[in-house]
Every structure is written in C-alpha cells, then in structure tokens.
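Subject: Structure for your review

Dear colleague,

Please find below the structure that I am handing over to you. My notes on what was found follow it, and I would be grateful if you read them with the model open.

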Amino acid sequence: MSVSADKRKPVRIWVDGCFDLMHFGHFNALRQAKAMGDYLVVGVHSDAEIEHHKGPTVMKEDERYAAVAACKWVDEVVPNAPYLTSLEWMDKYNCDFCVHGDDITTMADGTDCYQVVKDAGRYRECKRTQDISTTELVGRMLLMTKDHHKRRGSITGASITSVNTAEVGTFSTGGSKTKPDTKVSHFLPTSRKIVQFSEGREPNAGDKVVYVDGTFDLFHTGHIEFLKRAKQMGDYLLVGIHDDQTVNAIKGVNYPLMNLHERVLSVLACRYVDEVVIGAPYSVSDQVLEKVYKVDVVVHGNTPSLDDTDGQDPYKLAKERNIYVEIDNPQNSVTTESIIERIITHRKLFEERQRRKEQKALLEREAEKAEKAAAAAAAAAQ
C-alpha cells in the first residue's frame with residue numbers, strides 16, 4: 001500500500017431514515033451508500049418523530065435500531081436522529097456527506113428533508129429499489145383475508161399462534177386492491193443483485209458449518225436474534241429459505257407476504273449469514289446436509305415445528321444423525337405473526353397511514369413532473 005493511501009482520511013457517510021419493517025430495499029440503499037465511502041453511520045428516527053411526519057410505525061424504535069445494526073454494511077447506528085437532516089448532526093459524527101435514494105422525502109409541512117445538505121454540496125443519491133417499500137408491505141397485510149388466519153403455526157421456530165378472525169375485518173374488499181401501494185409482489189432480481197448481496201465466501205478447512213432453515217417472511221428482529229444465536233454454534237452459517245409454494249402449502253393461502261427473492265436478499269444482508277440455499281426443502285434432506293457443504297449441526301428454535309405435508313418431522317434425518325440442536329428463543333421475541341397482529345389491532349391507524357402516504361406520494365409525483373417540465377421549458381427557451 002502506498003504512503004498516500006495510508007494517510008488518506010476515511011470517507012464517512014451519513015444515511016438516515018425510519019427503517020420500519022426493514023426490507024431489502026432498505027438494505028440495498030445501505031449497500032450502495034457504503035460503496036461510496038469507508039464508514040457508514042446510520043441515523044434512525046424515533047417513533048414520535050415518525051408519527052409526527054408520516055404516521056404510526058409498525059416496528060418499535062428499539063426493534064428498528066436493532067434491525068439496522070444487524071445489516072452487514074452498517075458500521076454505526078445513531079438512535080433518535082432528527083427527521084430534518086442537518087449539517088450539525090453530520091458534523092457531530094464526522095460525516096463527509098449524506099446519501100439518500102432518488103425519491104423525494106418531505107417534512108410534515110412539505111419541505112425537502114435534505115435541502116440544507118443539498119445546498120451545502122454534501123448530498124449524494126443512490127438508486128431507489130423499485131417495487132418494495134414499507135407502505136407496500138403494510139398494504140399487503142391490509143389486503144389479507146379472514147381465511148389467511150385459519151392456518152396456525154410457524155416453520156421458522158417462531159411461536160405458534162392464531163389470530164381472532166373477527167378482528168381481521170374486510171381488508172381485501174373494495175378499491176384498495178387496485179391501489180398502487182398495495183399490490184402483490186412481482187419482484188424479480190437479477191443474478192447480479194444476488195451477487196451484490198452475497199459475500200461469496202466458502203467455509204475454510206475445519207470450519208464448523210451450521211445449517212438453519214425457515215421462511216424468514218417480513219424479516220425482523222426475531223429472525224435476526226435467532227440467526228445470531230445459531231451463528232454462535234459454529235463458524236459458518238448456511239441458511240435454507242423455503243420457496244413460495246412450500247410456504248403456501250405449510251402455512252396457508254396468503255403466505256408468504258414476501259416472495260422468495262425478497263426473502264433471500266433480506267437474509268443475505270444480515271451480518272450473521274454466510275450463505276443461503278435458495279428454495280431449500282422443508283424437510284432437511286441428505287442433499288442439504290452433504291451436497292452444498294458438509295453440515296456439522298442443524299439448529300432450530302425450541303418451539304414446535306409444523307410437520308411436512310407428508311406428516312413427517314422435517315428434522316427427522318438430522319435427529320437420526322445426532323446433529324440436531326435446539327436453542328432457546330428469546331423471551332417476547334417478534335414473530336411474523338405478531339407483526340400481522342399489530343396491523344390488525346391498529347387497522348384504522350394503518351389504513352389512515354396508507355391514505356396519507358398515497359396522497360403525499362401523488363403530490364410529490366406531481367411536483368416532480370412540474371419541476372421537470374419547468375426545466376425542459378427553460379432549456380428550450382435558451
């Protein structure tokens with residue numbers, strides 16, 4: 001390494017946001033931001049701040065802080081960051097510039113959250129990931145039918161639970177099905193996107209390979225804590241992610257909420273994960289244990305797992321080989337089902353949030369069109 005390279009000041013980057021229902025769009029923005037420098041500082045807004053400017057959050061602020069901290073591209077998390085991005089906060093954490101997606105973000109009064117840093121020349125943009133947002137995920141849950149909740153259980157080691165169908169109401173009726181932010185996911189990643197998220201690291205000789213599997217739907221802090229504990233059981237964590245058809249057959253008509261590719265990218269972004277098996281079988285097979293890497297231990301949470309469609313224990317083979325280990329799930333852990341329950345319990349609040357978000361998005365699109373038209377007219381007049 002050259003002397004000049006040794007003396008180069010590390011480039012510190014500031015990113016801030018809500019990071020509610022953390023998804024691969026958030027992870028992709030953080031990945032792109034980290035690629036612009038050396039050290040990524042992420043400010044996360046409080047529940048109260050978000051409530052004022054956008055509406056209620058699905059995930060509590062401590063859960064959102066933990067989700068951001070688990071992203072492998074994040075170096076530091078700053079809780080309770082202000083909604084209006086300021087030079088003072090960036091300077092406090094010695095950040096050279098701020099990065100945000102190429103969409104407009106505004107305060108409650110409609111002003112640009114990033115105008116100050118833009119005017120100071122300390123603003124950079126990354127490309128926003130299309131077809132995914134927290135608003136859209138909330139919309140998918142609001143579109144659930146009563147039948148969705150007639151199946152019980154979990155295939156990720158989360159608590160088995162049922163939802164009172166009387167509380168669900170008629171989320172899937174009316175014009176809301178056609179709203180742009182409440183559509184069924186058709187996200188299809190390229191191989192390049194998966195490579196960008198993957199470390200591409202294989203186990204070293206002598207590494208103890210740990211295998212876990214699951215749905216990992218609405219990737220959340222319960223999943224993160226489970227993966228962290230599983231990684232502590234060995235040196236290399238291999239995660240099997242079940243395909244959409246398998247999840248649908250085991251869990252019920254409207255699962256999963258996120259399709260296979262969305263779930264794969266979310267899991268790959270977790271700092272505890274080394275590799276994934278895309279479309280892993282629900283029952284742990286010899287092919288999984290021997291053909292990908294030699295698996296030393298299969299880890300599962302200490303809550304019951306649903307039988308496979310043939311009525312068999314999905315961990316039968318691992319148990320017969322004495323490589324099956326159960327680990328304690330954290331008390332009061334978040335589950336996919338508990339997130340859905342939050343949406344159901346506060347249905348009216350989230351329906352109003354959706355309405356406000358859609359109205360705000362429409363106004364922002366109109367403002368953007370007007371700005372482009374004005375710029376085009378000015379260019380034509382020159």
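In what order do the strands of the open sheet with strands 6 to 10 stand, and is their pairing parallel or antiparallel? The five strands of this open sheet have the order 8-7-6-9-10, and the pairing is parallel. Strand 8 (275-278) and strand 10 (324-327) are at the edges; each has a single partner strand, so one side of each is left without a neighbour in the sheet. On average, neighbouring strands here are turned by 30 degrees against each other, direction ignored.

Please keep in mind that this is a predicted model.

The chain as a whole

The chain has 382 residues, of which 51% count as buried. Its secondary structure comes to 15 helices and 10 strands. Among contacts between residues at least 6 apart in sequence, 79% join residues at least 24 apart. The chain exposes about 17,900 Å², and carbon and sulfur atoms supply 50% of that area.

The sheet with strands 6 to 10

Strand 7 (236-241) pairs with strand 8 in the parallel sense, over four bridges. Within this pairing, Leu 238 has Glu 275 of strand 8 as its bridge partner. Helix 9 packs on the sheet and touches strand 6 (209-214), strand 7, strand 9 (297-301) and strand 10. The direction of helix 9 makes about 140 degrees with that of strand 7. Helix 11 also packs on the sheet, where it touches strand 7 and strand 8, and its direction makes about 170 degrees with that of strand 8.

Between helix 9 (221-231) and strand 7 there is a loop, and Gly 234 is found in it. Is Gly 234 buried or partly exposed? Its relative accessibility is 22%, and therefore Gly 234 counts as partly exposed; a residue is called buried only under 20%. Leaving out residues up to four places away in sequence, Gly 234 touches Lys 208 and Val 210. Lys 208 is 26 residues from Gly 234 in sequence, yet their C-alpha atoms are 4.9 Å apart in space.

The sheet with strands 1 to 5

A further open sheet has five strands in the order 3-2-1-4-5, with parallel pairing. Its edge strands are strand 3 (76-78) and strand 5 (123-126), each of which pairs on one side only. From one strand to the next, the twist averages 30 degrees.

Strand 4 is a good place to look at this sheet in detail. Strand 4 (residues 97-101) pairs with strand 5 in the parallel sense over four bridges. Across this pairing, Val 99 stands opposite Arg 124, and Gly 101 stands opposite Cys 126. Strand 1 and strand 4 also pair in the parallel sense, over two bridges, and Trp 14 has Cys 98 of strand 4 as its bridge partner. How many residues of strand 4 are buried? Five of its five residues are buried. Phe 97, Val 99 and Gly 101 point one way from the strand, whereas Cys 98 and His 100 point the other way.

Helix 2 lies across strand 1 (12-17), strand 2 (39-44), strand 4 and strand 5, and runs at about 140 degrees to strand 2. Helix 4 (residues 61-69) packs on the sheet too, touching strand 2 and strand 3; the angle between its direction and that of strand 2 is about 165 degrees. Helix 2 (residues 24-34) is mostly covered, with 10 of its 11 residues buried. Among the buried residues of helix 2 are Phe 24, Phe 27, Leu 30 and Ala 33, and also Arg 31 and Lys 34.

The nonpolar cores

In soluble globular proteins, nonpolar side chains tend to be buried together. In this model, the largest nonpolar core has 62 residues, and those with the most contacts inside it are Leu 30, Val 212, Leu 227 and Val 239. Helix 11 (residues 260-268) gives the largest share of this core, five residues. Apart from this core lies another, of 16 residues, which includes Val 277, Val 284, Tyr 293 and Ala 318.

Leu 227 may serve as an example from the largest core. Leaving aside neighbours within four places in sequence, Leu 227 is in contact with Val 212, Phe 216, Phe 219, Leu 237, Val 239, Cys 270, Tyr 272 and Val 273.

Yours sincerely

Conventions:
Residues numbered from 1 in each chain as written. Predicted model: local features only at pLDDT ≥ 70, side-chain atom pairs only at ≥ 80, totals over all residues. Heavy atoms only, no water. Buried < 20%, exposed > 50% of the residue type's maximum accessible area, 1.4 Å probe, protein only. Core = buried A, V, L, I, M, F, W, Y, C linked by side-chain atoms within 4.5 Å. Contact = heavy atoms within 4.5 Å. Areas by Shrake-Rupley, 256 points an atom, 1.4 Å probe, with all protein chains shown as cover. Pairing = 2+ DSSP bridges. Axes fitted to C-alpha atoms, helices over the stretch in contact; angles between N-to-C directions.
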